[in-house]
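Student: I'm new to this structure, and I'd like a close look at one part of it. Could you take me through the stretch around the second largest pocket, and then show me how the rest fits in?

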Amino acid sequence: MWSDNETIRDLVNFSHVAKIAAERIVEAKGDPLSLGISGDWGVGKSSMMKLLRTSLEERNDVNIRFVEFNAWLYQNYDDARAALMETITAAVVDQALEKKDTLGEKALKRAASLLGRVKKLRILGIAGSALFDYVTQGSVTPFVAGGISAVSGLLDGDVTGDDLKKVKELGVEGIKNAKELIKDGDEEKVSDETPRKAIQAFRDDLEATLADLDITLVVMIDDLDRCLPKTAIATLEAMRLFLFLKHTAFVIAADERMIRQAVRSHFEEVALNDDLVTNYFDKLIQLPIRVPPLGTHEVRSYLMMLFVDAEASLEPELKEEIRIAVCRRLGRTWKGERIDKAFVAGLMQSCPPGLLNRLSLAERIAPLLTTSPNIQGNPRLIKRFLNTLSLRSSMARIQEVVVDEAVLVKLLLFERCGDKDAYAELLRAVNEAEDGRAEFLADKEANARGDSREPPTEKPWNDAFHQNWLALDPPLAEKDLRGALYVGRESHPIISRADELSSEALETLDMLLRMTSASATVDAEVARLTNQEIGRLTDKVIAKARQETSWGVPKTLNALQSLAGASPSAEASVIAFFSEVPSSQVKPSIVPRLSQVEWGKRVLAEFFTRPDLPTPAKNAIGKAGKSK
């Protein structure tokens, strides 16, 4: 199994992007900088953050203190704004304590005051939140509504010790946390500062402390796009308190689309056009860095490196040598150099047979995993695909189900990336077939491989993904797929014929499917069944009939005739089925058989009205009509 966590091991040559970002931070020489690492979910934003940190740690020309903040972890547990302020401040104070022997008394005192200032700002934030709820007619108790007017300083912008004392005394719903934060006597220590002055004083002290410490504070904020809109916006708003301070660099990883949605949700009462929504995030970010999407070269390399890393027989040192060689080669693919099975296997003295098979697998499926709209080369989804494959292989081994891994891969690709109705058609065919074969795939696979002169495959089978899937080895039409579908049954039910039919109906179905000509015996057996069972048999025989590609006199026609003669509802179903048979499949030899029964005449009459019916079949129907 492959871990879904971020990694510092670069498997797709992203390190060069991280090194460029690291250079920008170093070259800023203490000037404030904000970088945004953007990209869709699962493309590797967190891994890019790790690679950026590694690149900075490898440099000896800059003194950096890292702060990692994950707003998602604080969601519903704490105020993300206050948590970010405290996390950053604590890191600076810790650094000051480490250097206390070299710092002057004034610098130490200033550093120590930072936590107190954060505490005050947290108090102001909580009181402000309660007031905001009140002013905007939020849900507050009458007691709060009555007492809030007494806190005049909070309304006019001046916050004094007396104001905080009143807030503490209220200590009720909406501002109850203030009671826990303000200890006895604290209110006497607060100077008469407005919130604006308190914020500026905090920024000044923090900037001066960073200068005293001679460090660049790199704050890395991740998983912002996982947060609810309220938390995401609160974190971004808190960032504004620190942004553009000297000796700071902020690195924010987020899916821009999620941030835009959070902005819209936060300002739901305000009409915002797309430009305004985009500008909100852009104003926070000076240097945008987008994680490059993976192309076929990268996906193939990524798959191969995942397989290499999972190979227990290889030493860690060799795996690292292979990784470096693959990344170096990826940087030259623009010149036509290629990463394939031969290249990767050639990096080892002797490639283990199992690994060689998996490298071949990576070559085959990489184009599909790159172009499929459901995966699009997304590293996280690729790992999930491989983990699911590993799970199903293990299930097959434990339950002693004999199944070809290549078949498992092809079916899993179809399940994850194919059209859902086409996949349902495949399931029906396997469930209906006595031998578990989806024979209807034969012509489609031959067409996709260029081995057939049949007309182009119909939708959805004729799009790029399905054509590539049909051409992918191994062909499935002649394989028993029941075992492979059985170990994948967590995503779809396995419904056998015995699940729905009585033993008598099941025996009759077997007789119907073996018919080579009309049989009074089989007709009698069908007549003994209930109308409900005849309907079920009709559905199953029609499912089998859908696999026919030429309607002359196939064996299935015998079963359809027997069922149509057993009940009016079965007859209607058979007529409806023939109305969907493509004109190109209608052959003259079917005419004598259908012209012998009334329902068959109705089918022929419908065929005759089709403008695209082949001339031989139309002539045969016309001749049969005249003879009658």
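Tutor: Here is a walk through that pocket, the helices beside it, and a few other spots in the chain.

Keep in mind that this is a predicted model. To get your bearings, the protein has 628 residues, and 48% of them are buried. Its secondary structure comes to 33 helices and five strands. If you take contacts between residues at least 6 apart in sequence, 74% of them join residues at least 24 apart.

Now for the pocket you asked about. The second largest pocket holds about 770 Å³ of space. It is lined by 28 residues, and those closest to its centre are Lys444, Glu458, Thr549, Pro582 and Gln585. Sorted by type, the lining has ten nonpolar, seven polar and eleven charged residues. Which helix gives the largest share of that lining? That's helix α22, residues 441-448, with three residues.

Let's zoom in on Lys444, one of the residues closest to the pocket's centre. Lys444 sits in helix α22. Is Lys444 buried or exposed? Its relative accessibility is 9%, so Lys444 counts as buried. Leaving aside residues up to four places away in sequence, Lys444 touches Thr457, Glu458, Trp461 and Leu470. Two of those names are handy for finding your way: Glu458 is also among the residues closest to the pocket's centre, and Leu470 belongs to helix α23, which we'll get to in a moment.

Between α22 and α23 there's a loop, and Pro460 is in it. The peptide bond from Lys459 to Pro460 is cis, with omega near 0 degrees. That's worth a pause, because most peptide bonds are trans. Follow the chain past α23 and you come to another one: Asp473 and Pro474 are joined by a cis peptide bond, with omega about 0 degrees. Pro474 lies in the loop between α23 and α24, the latter being residues 482-487.

So what does α23 itself pack against? Helix α23 (residues 464-471) packs with helix α20 (residues 405-417) at an angle of about 170 degrees, and their axes are 11 Å apart. Angles over 145 degrees count as roughly antiparallel, and α20 and α23 are therefore roughly antiparallel to each other. On the α20 side, the residues that meet α23 are Lys410, Leu413, Phe414 and Cys417, while α23 brings Phe465, His466, Trp469 and Leu470. The residues of this contact divide into six nonpolar, one polar and one charged. Notice Leu470 again: it is in this list, and Lys444 touches it too.

Just ahead of α20 there's another backbone detail. Glu400 is in the loop between α19 (379-398) and α20. Its phi is near 60 degrees, a positive value in a residue other than glycine. Most residues other than glycine have a negative phi. Glu400 has a relative accessible area of 71%, so it is exposed.

A similar case turns up in an earlier part of the chain. Lys29, in the loop between α1 (15-27) and β1 (33-38), has a phi near 55 degrees, also positive in a residue other than glycine. Lys29 is exposed as well, with a relative accessible area of 74%.

For a contrast with those two, try Leu56 in helix α2, residues 45-57. Leu56 counts as buried because its relative accessibility is 3%. Not counting residues up to four places away in sequence, it touches Ala22, Ile25, Val26, Ile64, Phe66 and Val218. The C-alpha atoms of Leu56 and Ala21 are separated by 9.2 Å, though these residues are 35 apart along the chain.

Last, the enclosed spaces. The structure holds three cavities of 30 Å³ or more, and the largest has a volume of about 80 Å³. Which residues line the largest cavity? They are Glu425, Arg428, Ala429, Phe440, Ala543, Arg546 and Gln547. Helix α21 (residues 420-432) gives the most to this lining, with three residues. By type, the lining has three nonpolar, one polar and three charged residues.

Notes: Residues are numbered from 1 along each chain as its sequence is written. This is a predicted model: local features need pLDDT of at least 70, side-chain atom pairs count only at pLDDT 80 or more; totals for chains, interfaces and linings use all residues. Side-chain values use heavy atoms; hydrogens and water are left out. On a 1 Å grid over the protein atoms alone, a cavity is a set of points where a 1.4 Å probe fits but cannot get out, and a pocket is an open set with protein on both sides within 12 Å along at least five of seven lines; lining residues have an atom within 4 Å of a point. Grid points are joined across faces, edges and corners, and a volume is the space filled by probe spheres set on the points. Helices (H or I, at least four residues) and strands (E, at least two) are DSSP runs, numbered from the N terminus. Ala, Val, Leu, Ile, Met, Phe, Trp, Tyr, Cys and Pro count as nonpolar, Asp, Glu, Lys and Arg as charged, and the others, Gly among them, as polar. Axes are lines fitted to C-alpha atoms, for helices over the stretch in contact, and angles run from 0 to 180 degrees between N-to-C directions. Angles under 35 degrees count as roughly parallel, over 145 as roughly antiparallel, 65 to 115 as roughly perpendicular and the rest as oblique. Contact means heavy atoms within 4.5 Å. Buried means under 20% relative accessible area, exposed over 50%, partly exposed in between (1.4 Å probe, protein chains only).
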